[in-house]
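Please find below a short note for a colleague who is meeting this structure for the first time. The sequence and the model should be viewed together while reading.

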Amino acid sequence: MRKLSKLPKIFLFITSISCCLWLGSYVLRMFISYQLFEAPDLIIKSYITSENIEGILFTLLPAFTTTFVLYILFILSFILFLATSKISLKNNGWLFMICLTILITLPFEAYLMIIDYKIIMALMSDTIDSSFVTENIRDRFTVFSSFPLIEIFCYFAIIFLALFQPLIKEPVTK
């Protein structure tokens, strides 16, 4: 990879930080929100009652908001990095594979973000409709089933590709 000017380096830094923070908060949110349900049928656990469910759901708001904002920041800064760096995807296979992974997972994550937006708006309203929020969290788990887990592994592969930068084709000089 050739030397980058200051602006692409800034966008690369923002992309890297937002990707890592998004990935960590995504995993955390999955673990926390999955703890609300019994495993096979996704029924709310017995210790969660109508008295404490609003407080539990309200504590999930930062996790949903963080992942929502960081993913948008990650995608925007990645696009700006690609636009300003003018790195050849043809000569940098690692960056091409990163672009493919992001482009393939983007529509699915965008659909899940619509569900997240509904959850965030419901939790930020004056009265929390706990049945609506739990139903949307349940839908988030059932809509694409194991996609979030696959996405997590893909993004860990992106970190590997960015660190080691395999498949670099050196330009032929005469």
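The points below go from the overall fold to a single helix.

1. The model is a predicted one. Its secondary structure consists of six helices, with zero strands. Along the sequence, the order of elements is therefore written α-α-α-α-α-α.

2. As to overall dimensions, the C-alpha atoms occupy a box of roughly 75 × 30 × 20 Å along the principal axes. The protein has 174 residues, of which 39% are buried.

3. Contacts were examined by their separation in sequence. Among the contacts with a separation of 6 or more, 80% join residues that are 24 or more positions apart.

4. The exposed area of the protein comes to about 10,300 Å², and 72% of this is supplied by carbon and sulfur atoms.

5. With regard to charge, there are 13 positive and 12 negative side chains. A distance of 26 Å separates the centres of these two sets.

6. Helix α1 covers residues 6-34, a run of 29 residues. From its first C-alpha to its last, α1 reaches 42 Å, which is close to the 42 Å expected at 1.5 Å a residue.

7. Which residues of α1 are buried? Among them are the aromatic residues Phe 11, Trp 22 and Tyr 26. The buried set of α1 also includes Pro 8, Cys 19, Leu 23, Arg 29 and Met 30, together with Thr 15, Ser 18, Ser 25 and Ser 33.

8. Against which helices do these buried residues of α1 pack? Their partners are α3 (61-85), α4 (93-124), α5 (130-143) and α6 (147-164).

Note on methods: Residues numbered from 1 in each chain as written. Predicted model: local features only at pLDDT ≥ 70, side-chain atom pairs only at ≥ 80, totals over all residues. Heavy atoms only, no water. Helix = DSSP H or I, 4+ residues; strand = E, 2+ residues; numbered from the N terminus. Buried < 20%, exposed > 50% of the residue type's maximum accessible area, 1.4 Å probe, protein only. Contact = heavy atoms within 4.5 Å. Areas by Shrake-Rupley, 256 points an atom, 1.4 Å probe, with all protein chains shown as cover. Lys, Arg positive; Asp, Glu negative; His and termini not counted. Charge placed at Lys NZ, Arg CZ, Asp CG, Glu CD. Expected span 1.5 Å × (residues − 1).
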